[in-house]
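Thanks for passing this one along. Here are my notes, to be read with the structure open beside them.

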Amino acid sequence: MRRADGQVLLAQRPEGKPWAGWWEFPGGKIEQGESALAALKRELQEELGIEVLAAYPWLTRSFDYPERQVNLHFFMVRDWSGEPQGCEGQILSWQYPYGLNVSPMLPANAPILSALCLPDVYAITNMQELGEAVFFERLQTALDKELRMIQVREKQLSEAALRTFASKVIALAKPYGAKVLLNSDVELAQALEADGVQINSHQLMQMQTKPEGMIFGASCHNELELAHAKQLGLDFVLLSPVLATQSHPDADTLGWASFSNYLVDYPLPVYALGGMQQEHLLTAWQHGAHGIAMQRAAWISGND
Ligand SMILES: Nc1nc2c([nH]c(=O)n2[C@H]2C[C@H](O)[C@@H](COP(=O)(O)OP(=O)(O)OP(=O)(O)O)O2)c(=O)[nH]1
């Protein structure tokens, strides 16, 4: 369960259950003949006394505990009725995923917490179209309005100009705690102490292991690429093109139905890319996305 302020509900497993004392996301086992969503609704009613009103499929994760293998289906519950209570004697706590003050968390949940630290909206720079002055004005406005992740992608710039531009984006973003990822260039990202790198699908398919110490997101367009990103345990992927864009109006697009088919049982957070506008976020969630990534639409101001 996630509140609008970003906090998520955790529960401490009560005495008498395996892993008693460990913290988890409320939920429980799927019963015979039940869908994962129906099980979630039943468990949250039984354990917390709430009625789920909006739950979106999010991540699926397999994990080997010493005693058994579990297949965990995580949903993002964004609306409910009633105030959650520990109906089975469990202690509850609302927590910001990036600063938990309860522990220990169930061992399978570490990547889930990392995924929860990624924001809903991922903006890709568009200085080439806007010009530098307007772009930095819009970036400042967007940061003030809670933009928290940015990809620097300005292929037209020389190496030196890109370095200067990226440094400026990082400096502006830092006070807000917004993450900055550089497109493709691992060395420059390290040199500028960026938060991470957005690798293209070619780099993805060449990669043998995920480098340590930075966020790695990959741009994917098909099943093979998604599978490789999963195998590497990357932090997230972009899946595109979902809808037609102004720059590629005639390109073959996935559409929402096929987008969501790709995400069935997928463990990494996925941003929908291609033709996205802010108002697509809900549709993206409904189709299993973690969020949306936008280039042009991320920087639109009231005067456009
Ligand atoms: N609910 C929940 N279970 C998790 C999480 N992470 C994780 O590894 N698990 C594992 C622990 C358990 O092996 C399994 C959930 O089973 P459970 O024992 O809680 O199921 P239940 O509530 O139906 O309990 P019971 O009726 O069998 O006593 O999934 C999590 O965040 N939430």
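The points below go from the domains to a helix pair, the ligand and a few backbone details.

1. A reminder before anything else: this is a predicted model. Please keep that in mind for each point that follows, since none of the values here comes from an experiment on the protein.

2. Let's begin with the overall division of the chain. The domain assignment splits the protein chain into domain 1, covering 8-116, and domain 2, covering 121-299. Between the C-alpha centres of domain 1 and domain 2 the distance is 29 Å. Each side brings residues to the contact: nine come from domain 1 and nine from domain 2.

3. Which elements give two or more residues to the side of domain 1 that touches domain 2? They are β3 (51-64) and α2 (110-116). Of these, β3 provides the largest share, with six residues. Sorted by class, this side of domain 1 has six nonpolar, two polar and one charged residues.

4. Now for a helix pair worth a look on your screen. Helix α4 (residues 132-144) packs with helix α5 (residues 159-173) at an angle of about 30°, and their axes are 10 Å apart. Because angles under 35 degrees count as roughly parallel, α4 is roughly parallel to α5. The crossing of the two helices, α4 and α5, is right-handed.

5. Staying with that pair, which residues make the contact? From α4 come Leu 139, Gln 140 and Leu 143, while α5 supplies Val 169, Leu 172 and Ala 173. By class, the contact of α4 with α5 holds five nonpolar residues, one polar and no charged.

6. Next, the ligand. The residues around it include a run of Gly 27, Gly 28 and Lys 29, along with Glu 24 and Phe 25. Lys 17, Phe 63, Val 70 and Leu 72 are also around the ligand, as are Leu 106, Ala 108 and Asn 109. How does this shell divide by class, and how many of its residues are charged? There are six nonpolar, three polar and three charged residues in the shell.

7. Two proline sites deserve a check while you are tracing the backbone. The peptide bond from Ser 103 to Pro 104 is cis, with omega near -5°; Pro 104 sits in the loop between β5 (92-95) and α2. Ser 240 and Pro 241 are likewise joined by a cis peptide bond, with omega about -5°. Pro 241 is found in the loop between β11 (236-239) and α9 (255-262).

8. Finally, please look at Glu 193. This residue is not a glycine, yet its phi is positive, at about 55°. Glu 193 belongs to the loop between α6 (186-191) and β9 (196-199).

Conventions: Residues are numbered from 1 along each chain as its sequence is written. This is a predicted model: local features need pLDDT of at least 70, side-chain atom pairs count only at pLDDT 80 or more; totals for chains, interfaces and linings use all residues. A residue is near a molecule or strand if its C-beta atom, placed from the backbone, lies within 6 Å of it. Ala, Val, Leu, Ile, Met, Phe, Trp, Tyr, Cys and Pro count as nonpolar, Asp, Glu, Lys and Arg as charged, and the others, Gly among them, as polar. Axes are lines fitted to C-alpha atoms, for helices over the stretch in contact, and angles run from 0 to 180 degrees between N-to-C directions. Helices (H or I, at least four residues) and strands (E, at least two) are DSSP runs, numbered from the N terminus. Angles under 35 degrees count as roughly parallel, over 145 as roughly antiparallel, 65 to 115 as roughly perpendicular and the rest as oblique. A crossing is left-handed if the near helix is turned anticlockwise from the far one by less than a right angle, and right-handed if clockwise. Two residues are in contact if their C-beta atoms, placed from the backbone, lie within 7 Å. Domain bounds come from an automatic or database domain assignment.
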